[in-house]
Amino acid sequence: MITRRSLFVAGGGAMLLAGCETAQVTADGRFPIMDVLGIQPDVSDFRSALRRADLGDLLNGPGPYTVFAPTNLAWAATSEQFRSGGAANLRNFIAGGRLRTPDIQARGGRVRMLSGIDVVLVGGSPTEPRVQAAQAGRPPSGASASIVRPNLLCSNGVIHVLQGALIPG
């Protein structure tokens with residue numbers, strides 16, 4: 001027999017479950033970097049490398065951080081030695097601060113990464129700027145990469161998706 005009490009309990013449980021609905025992850029500034037990387041299928045190899053190197057917790061933390069995330073194709077083009085270099089090499093792609101492309105331009109086009117290298121804006125177009133790695137305080141060297149999806153906003157920073165890997169020459 002259904003009583004008022006059982007209806008109340010069932011209704012309360014339904015309301016509780018409705019409150020547990022999860023939001024769809026988007027790059028609108030509400031979700032942390034690792035979650036936003038998770039909805040970008042073309043950077044899944046880089047995201048996996050961050051997790052293996054125990055940098056996932058850092059990038060889920062308060063930040064802020066700026067991540068230059070190479071596409072799967074760009075990541076695969078790096079040497080096996082570089083890809084297996086762990087956190088030390090992955091820090092080439094992470095900077096402190098929430099730096100959108102206008103913020104980088106305002107800094108003279110140069111950003112210091114956690115590894116100590118610099119990333120320098122070296123041209124391209126306003127919608128697809130190019131960046132290149134450089135030893136700290138030196139001119140850019142090595143291959144450059146286009147930022148194909150700039151300014152993906154996260155709760156703890158920003159992501160720029162690259163068509164290349166930032167390895168100083």
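By the side-chain rule applied here, the count comes to 6 salt bridges. The structure is a predicted model. One of the pairs, Arg149 with Asp42, links distant parts of the chain, 107 residues apart. The largest nonpolar core has 41 residues, and the buried residues of helix H3 line one face of that helix.

**Salt bridge between distant parts of the chain**

- Arg149 and Asp42 form a salt bridge in which the closest N and O atoms are 2.8 Å apart.
- Arg149 lies in strand S6 (residues 144–154), while Asp42 sits in the loop between helix H2 (33–38) and helix H3 (44–52).
- Arg149 counts as partly exposed because its relative accessibility is 28%.
- Asp42, at 25% relative accessibility, is also partly exposed.

**Salt bridges of Arg100, Arg110 and Arg112**

- A salt bridge joins the side chains of Arg100 and Asp103, at 3.5 Å from N to O.
- Arg100 is partly exposed at 36% relative accessibility, and Asp103 is partly exposed with a relative accessible area of 24%.
- Arg110 pairs with Asp118 in a salt bridge whose closest N and O atoms are 2.7 Å apart.
- Asp118 has a relative accessibility of 2%, so this residue counts as buried.
- Its partner Arg110 has a relative accessibility of 26% and therefore counts as partly exposed.
- A network of salt bridges links Arg110, Arg112 and Asp118.
- Side chains of opposite charge can pair when their charged atoms come close.

**Nonpolar core**

- Leu50 and Ile159 are the residues with the most contacts inside the largest nonpolar core.
- Leaving aside residues up to four places away in sequence, Ile159 touches Ile33, Val36, Leu37, Val67, Ala69, Arg149, Pro150, Asn151, Leu152 and Cys154.
- Arg149 is thus among the contacts of Ile159 and also the salt-bridge partner of Asp42.
- In soluble globular proteins, nonpolar side chains tend to be buried together.

**Helix H3**

- The buried residues of H3 are Phe46, Arg47, Ala49 and Leu50.
- Viewed down the axis of H3, these buried residues fall within an arc of 160°, so they line one face of the helix.
- They pack against H2, helix H4 (56–60), strand S1 (65–70), helix H5 (72–76), helix H7 (87–90) and strand S2 (94–96).
- Leu50, one of the buried residues of H3, is also one of the two residues named for the most contacts inside the largest nonpolar core.
- Asp54, just after H3, takes a positive phi of about 60°.

Notes: Residues are numbered from 1 along each chain as its sequence is written. This is a predicted model: local features need pLDDT of at least 70, side-chain atom pairs count only at pLDDT 80 or more; totals for chains, interfaces and linings use all residues. Side-chain values use heavy atoms; hydrogens and water are left out. A nonpolar core is a set of buried Ala, Val, Leu, Ile, Met, Phe, Trp, Tyr and Cys residues joined through side-chain atoms within 4.5 Å. Buried means under 20% relative accessible area, exposed over 50%, partly exposed in between (1.4 Å probe, protein chains only). Contact means heavy atoms within 4.5 Å. A salt bridge is a side-chain nitrogen of Lys or Arg within 4 Å of a carboxyl oxygen of Asp or Glu. Helices (H or I, at least four residues) and strands (E, at least two) are DSSP runs, numbered from the N terminus. The arc is that of the directions from the helix axis to the C-beta atoms.
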